[in-house]
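Please keep the sequence and the model side by side while reading, since the paragraphs that follow move from single residues to packed helices and then to the core.

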Amino acid sequence: MWQSTTRYADDCIILVGSSKAADRVMKNVSIFIESKLGLKVNMTKSKVSKPNDIKYLGFGFFMDKSDGLWKARPHAKSVEKLKLKLKKLTSRRWSISLDERLEKIKKTIVGWTNYYKIGFWKNIAREIDAHVRFRLRMCIWKQWKKVSTKKKALIKLGIPKREAWMLANSRKAYARCASTFLNNVITNKRLKERGLVSLLDHYNLKHC
């Protein structure tokens, strides 16, 4: 015998044109769900809100001034979680090979992009990419450890011997090195060729 199956949404958003309409719909839908479907509406989580106050399945919403439409993007809390994860993956204290580190970063970025691909977050991608590259430069500088290793690596990257020796002996903090000469030596292109994936590249790929 054929049997029908009913599926229920655990969470949903209903969009209407005004606060008055929202209150009316909220009341009617709650009555329907409880009286007709026999389900309990969690009133502590159910509320009438403006789109920019909503967090739904990791997404937030914003008004695009260029066309006057409401659009989705990763919620601020979702972005902070991603930043925290990437911060851990680019920690200098974590003893791991560069290949392993880059692979874990790749999995994180690709997975995050696939989930949030319907959203609009180009500026967020650009900002996070820059920070990841900055932290990776610090990781690489620390992994080179010895002055002799740093000197050889810098020479290999095109720095003249005398300058490479001076830079290798630098007593500047990791952050200072990463934001100055390492930024010009370990370029974005070189990091990409080495295996670093870019949030912005994946964003553009999904939105092309």
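Two residues are said to be in contact, or to touch, when they have heavy atoms within 4.5 Å of each other. In that sense Ala175 touches Phe134 and Met138, when residues up to four places away in sequence are not counted. The model is a predicted one, in which local features need pLDDT of at least 70 and side-chain atom pairs count only at pLDDT 80 or more, while totals for chains, interfaces and linings use all residues. Residues are numbered from 1 along each chain as its sequence is written, and side-chain values use heavy atoms, with hydrogens and water left out.

Ala175 itself is found in helix 7, residues 174–179; helices here are DSSP runs of H or I with at least four residues, strands are runs of E with at least two, and both are numbered from the N terminus. With a relative accessible area of 35%, Ala175 is partly exposed, a class that lies between buried (under 20% relative accessible area) and exposed (over 50%), as computed with a 1.4 Å probe on protein chains only. Its C-alpha atom is separated by 32 Å from that of Phe59, and the two residues are 116 residues apart along the chain.

Towards the N terminus, Asp23 has its place in helix 1, and at 47% relative accessibility Asp23 counts as partly exposed. The C-alpha atoms of Asp23 and Arg171 are separated by 64 Å, with these positions 148 residues apart along the chain. Asp23 can also be set against Leu98, which is 75 residues apart from Asp23 in sequence and 55 Å apart in space, C-alpha to C-alpha. Leu98 is found in helix 3 and is buried, with a relative accessible area of 14%. Leaving aside neighbours within four places in sequence, Leu98 is in contact with Leu136, Ile140, Gln143 and Arg194.

The loop between helix 1 (19–35) and strand 1 (59–64) holds Leu57, which has a positive phi of about 50° although it is not a glycine. Pro51 also has its place in the loop between helix 1 and strand 1, where Pro51 is partly exposed, with a relative accessible area of 24%. Not counting residues up to four places away in sequence, Pro51 touches Phe61 and Trp70, whereas Leu82 is 31 residues apart from Pro51 in sequence and 23 Å apart in space, C-alpha to C-alpha.

Next come the helix pairs. Two packed helices are described by the angle between their axes and the distance between the axes; the axes are lines fitted to C-alpha atoms, for helices over the stretch in contact, and the angles run from 0 to 180 degrees between N-to-C directions. Helix 2 (residues 76–89) and helix 4 (residues 122–144) pack at an angle of about 15°, with their axes 11 Å apart. These two helices are therefore roughly parallel to each other, given that angles under 35 degrees count as roughly parallel, over 145 as roughly antiparallel, 65 to 115 as roughly perpendicular and the rest as oblique. In this contact, Val79, Leu82, Lys83, Leu86 and Lys87 of helix 2 meet Ile124, Glu127, Ile128, Val132 and Arg135 of helix 4. By class, the residues of this contact divide into six nonpolar, no polar and four charged, where Ala, Val, Leu, Ile, Met, Phe, Trp, Tyr, Cys and Pro count as nonpolar, Asp, Glu, Lys and Arg as charged, and the others, Gly among them, as polar.

Between helix 4 and helix 5 there is a loop in which Lys145 lies; Lys145 has a positive phi of about 55° although it is not a glycine, and at 66% relative accessibility Lys145 counts as exposed. The axes of helix 5 and helix 6 come within 8 Å and cross at roughly 140°, and the two helices are therefore oblique to each other. Their contact is made by Val147, Lys150, Lys151, Leu154 and Ile155 of helix 5 and by Lys161, Ala164, Trp165, Leu167 and Ala168 of helix 6.

Finally, the largest nonpolar core has 37 residues, and those with the most contacts inside it are Leu86, Trp121, Ile128, Trp144, Leu154 and Leu199; such a core is a set of buried Ala, Val, Leu, Ile, Met, Phe, Trp, Tyr and Cys residues joined through side-chain atoms within 4.5 Å. Helix 4 gives the most to this core, with eight residues.
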